[in-house]
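Good morning, colleagues. Please take a moment to look at the sequence and the model on the screen before I begin.

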Amino acid sequence: MYEFEYQKPASLDDVTRLLGDEDAKLVAGGMTLIPTLKMRLAKPTQLVDLGAIPALKGISEDGDAVVIGAMTRHADVNRSDIVKRAIPALAAMAGMIGDPAVRNRGTIGGSIANNDPAADYPAAVVALNATVRTNKREIAADQFFTGMFETALQSGEIVTAVRFPKVAQANYQKFRNPASRYAIVGVFVAKTPAGVRVAVTGAGPSVFRVPEMEAALAKSFTPDAIKDIAINDDGLNSDIHASAEYRAHLVNVMARRAVQACA
Ligand SMILES: Cc1cc2nc3c(=O)[nH]c(=O)nc-3n(C[C@H](O)[C@H](O)[C@H](O)COP(=O)(O)OP(=O)(O)OC[C@H]3O[C@@H](n4cnc5c(N)ncnc54)[C@H](O)[C@@H]3O)c2cc1C
């Protein structure tokens with residue numbers, strides 16, 4: 001039996017107060033959390049639904065950046081005229097997540113807080129050099145994702161928004177699991193004001209960058225520039241879907257396709 005109280009507060013202050021109970025759990029789209037509860041892998045005493053806080057939803061422009069509220073659904077990012085114009089690769093990536101039901105429930109905040117090793121958003125957040133805003137601070141993308149299902153979020157910390165610099169030249173290529181549609185390997189390449197960034201999801205325990213590819217692409221932004229850069233398969237994921245060696249191979253293939261698509 002489930003034994004929790006369901007709360008749907010209307011303000012972030014009330015959420016923060018409820019999270020004073022360390023066995024309370026936030027619920028956003030519920031696409032990951034509800035299956036986790038069904039499998040009895042989590043047993044919160046309170047479920048705190050973020051769905052009634054308008055300030056957490058929506059997409060806006062802020063100078064040279066786009067700010068996406070934590071409770072914004074994947075389908076809204078995919079359809080947003082602002083995102084399509086300012087960061088088309090991000091809109092396209094959101095449209096590749098799961099299926100229509102998942103995209104109409106799942107949120108950017110839930111996805112990055114969960115940090116599934118095969119999730120798509122972590123690659124976008126890192127490659128685009130985004131900043132994660134919480135109720136307590138701002139966290140740079142490179143510091144946010146710390147390990148498999150782990151992030152820099154502390155107890156009681158809530159993702160409120162993600163700020164993405166506008167980047168026109170970027171692309172995400174995903175070799176998807178045909179059943180779940182999660183990434184077996186996904187590579188997001190972006191030419192940002194801070195240089196070329198290459199972020200890989202699905203291949204390792206958590207999203208990672210490929211500095212050798214970034215350096216080569218900074219000199220020559222062509223698929224040929226990275227064709228001979230081999231990824232070491234030590235520590236990469238290996239399961240019934242793909243071996244570590246195959247995933248390492250896919251990183252190079254997906255990265256070259258992403259660079260080609262940018263052109
Ligand atoms: C069939 C299926 C296919 C999927 N395919 C893909 C895919 O192809 N690619 C992909 O990237 N994802 C995929 N997903 C995952 C999907 O994107 C989910 O939306 C995502 O993992 C979780 O988002 P959510 O809003 O549903 O969060 P929830 O399930 O509600 O929450 C997930 C976790 O994040 C915490 N949390 C939620 N919001 C916040 C917040 N604002 N601040 C701090 N913590 C928070 C919760 O407490 C919980 O621990 C798939 C899911 C399913 C069920």
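**Salt bridges, cores and one helix**

The structure holds 15 salt bridges, a salt bridge being a side-chain nitrogen of Lys or Arg within 4 Å of a carboxyl oxygen of Asp or Glu. Please bear in mind that this is a predicted model, in which local features need pLDDT of at least 70 and side-chain atom pairs count only at pLDDT 80 or more, while totals for chains, interfaces and linings use all residues. Residues are numbered from 1 along each chain as its sequence is written, and side-chain values use heavy atoms, with hydrogens and water left out.

Let me begin with Asp142. Which residues are linked with Asp142 in a network of salt bridges? They are Arg197, Arg209 and Glu214. Between Arg197 and Asp142 the N to O distance is 2.9 Å. Arg197 belongs to strand β13 and Asp142 to helix α9 (residues 141-144), so this pair ties together parts that are 55 residues apart in sequence. Here helices (H or I, at least four residues) and strands (E, at least two) are DSSP runs, numbered from the N terminus. Asp142 also meets Arg209 in a salt bridge, again at 2.9 Å from N to O. That pair links distant parts of the chain, for Arg209 lies in strand β14 (residues 208-209), 67 residues apart from Asp142.

As for exposure, buried means under 20% relative accessible area, exposed over 50%, and partly exposed in between, with a 1.4 Å probe and protein chains only. Arg197 counts as buried, at 6%. Asp142, at 35%, is partly exposed, and Arg209 is partly exposed at 29%.

A further salt bridge joins Arg133 and Glu138, whose closest N and O atoms are 3.0 Å apart. Arg133 is partly exposed at 24% relative accessibility, whereas Glu138 is exposed at 52%.

I turn now to the interior. The largest nonpolar core has 41 residues, and those with the most contacts inside it are Leu90, Leu128, Phe164 and Phe188. Such a core is a set of buried Ala, Val, Leu, Ile, Met, Phe, Trp, Tyr and Cys residues joined through side-chain atoms within 4.5 Å. Helix α8 (residues 121-127) supplies the largest share of this core, six residues. Apart from it lies another core, of 28 residues, including Ala203, Met213, Ile231 and Leu236.

Phe164 merits a closer look. Not counting residues up to four places away in sequence, Phe164 touches, among others, Ile87, Leu90, Ala124 and Leu128; contact means heavy atoms within 4.5 Å.

Next comes helix α11, residues 244-262. At 1.5 Å a residue, its 19 residues should span 27 Å, and its end C-alpha atoms are 27 Å apart, which agrees; the expected span is 1.5 Å times one less than the number of residues. Among its buried residues are Ala244, Arg247, Val251 and Cys262. Where do the buried residues of α11 pack? They pack against β11 (170-176), β12 (183-192), β13 (195-201) and α10 (211-219).

In the loop between α10 and α11 we find Asn237. Is Asn237 buried or exposed? At 15% relative accessibility, Asn237 counts as buried. Leaving aside neighbours within four places in sequence, its contacts include Pro117, Ala203, Ala244 and Arg247.

My last point concerns Tyr6. Tyr6 lies in strand β1 (residues 5-7) and, at 46% relative accessibility, is partly exposed.
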